[in-house]
Amino acid sequence: MQSLFAASIALGLMTIVAEAHEFKIGDLTIDHPWSRQTPPMAPVGVAYLTIKNDGAETDRLIGGSAERSEGFELHTSENRDGVARMRRLKDGVAIGPGETIELKPLGTHIMLTGLTAPIKAGETFAGTLVFERAGTLDVEFAVQGPGAPAPQRDGHEEHSR
Ligand SMILES: [Cu+2]
């Protein structure tokens, strides 16, 4: 009985740790960096996260790296005449003082180009995020299943060539 109780506590703690999954550097808090399972042979993957800026100055996510890819690009999705298109953010992603920016499907996202291995649900992979002011931060991306919301397949294929 006691060991069952202990086990349930341990499971509870693990859940909390998984949910927390956050990283801090300077005034920035990065919550839940995640990626999505890719089909075999996919040339690109995507990654998302939330950035909160508790500082008094604007910072910018300007780049990074991932264990699974040669390239790391910041993109935004635009819907023009019902067609989703991707655009590279050359100046990065600004996070103003007190602001929280969410990179998410159908919005601003990280594009992992030149995948060196398929990304599989349930695993994690290491990466870095580079901020203009705060510097370089090591993070772990948690990989989720291939489910909804679906990536903008046409847009990604278009700019992955
Ligand atoms: Cu993209």
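This short presentation concerns the aromatic pairs of the structure and one arginine beside them.

Please keep in mind that we are looking at a predicted model. Two aromatic pairs are present in the structure. A pair of aromatic rings is described by the distance of the centres and the angle of the planes.

I begin with Trp34 and Tyr48. Their ring centres are 4.6 Å apart and their planes stand at 40°, so this pair is classed as tilted. Trp34 belongs to strand 2, residues 28-36, and Tyr48 to strand 3, residues 44-53, so the pair ties together parts that are 14 residues apart in sequence. Trp34 is buried, at a relative accessible area of 15%, and Tyr48 is buried as well, at 2%.

I turn now to Phe125 and Phe141. Here the ring centres lie 5.3 Å apart with the planes at 25°; because planes under 30 degrees apart count as stacked, this pair is stacked. Phe125 sits in strand 10, residues 124-131, while Phe141 sits in strand 11, residues 135-144, and the pair thereby links distant parts of the chain, 16 residues apart. Phe125 counts as buried at 1% relative accessibility, and Phe141 counts as buried at 0%.

Finally, let us return to strand 2, where Arg36 lies. Which side chain of opposite charge is nearest to Arg36? That side chain is Glu102, 11 Å away, and Arg36 is buried yet has no salt bridge. The side chain of Arg36 does, however, make a polar contact of 3.1 Å with the side chain of Tyr48. Tyr48 therefore takes part both in the tilted ring pair with Trp34 and in this contact with Arg36.

Technical notes: Residues numbered from 1 in each chain as written. Predicted model: local features only at pLDDT ≥ 70, side-chain atom pairs only at ≥ 80, totals over all residues. Heavy atoms only, no water. Phe/Tyr/Trp six-rings, centres within 6.5 Å; stacked < 30°, edge-to-face > 60°. Helix = DSSP H or I, 4+ residues; strand = E, 2+ residues; numbered from the N terminus. Buried < 20%, exposed > 50% of the residue type's maximum accessible area, 1.4 Å probe, protein only. Lys, Arg positive; Asp, Glu negative; His and termini not counted. Salt bridge = Lys/Arg side-chain N within 4 Å of Asp/Glu carboxyl O. Polar contact = N/O pair within 3.5 Å; in protein donor to acceptor, adjacent residues only side chain to side chain.
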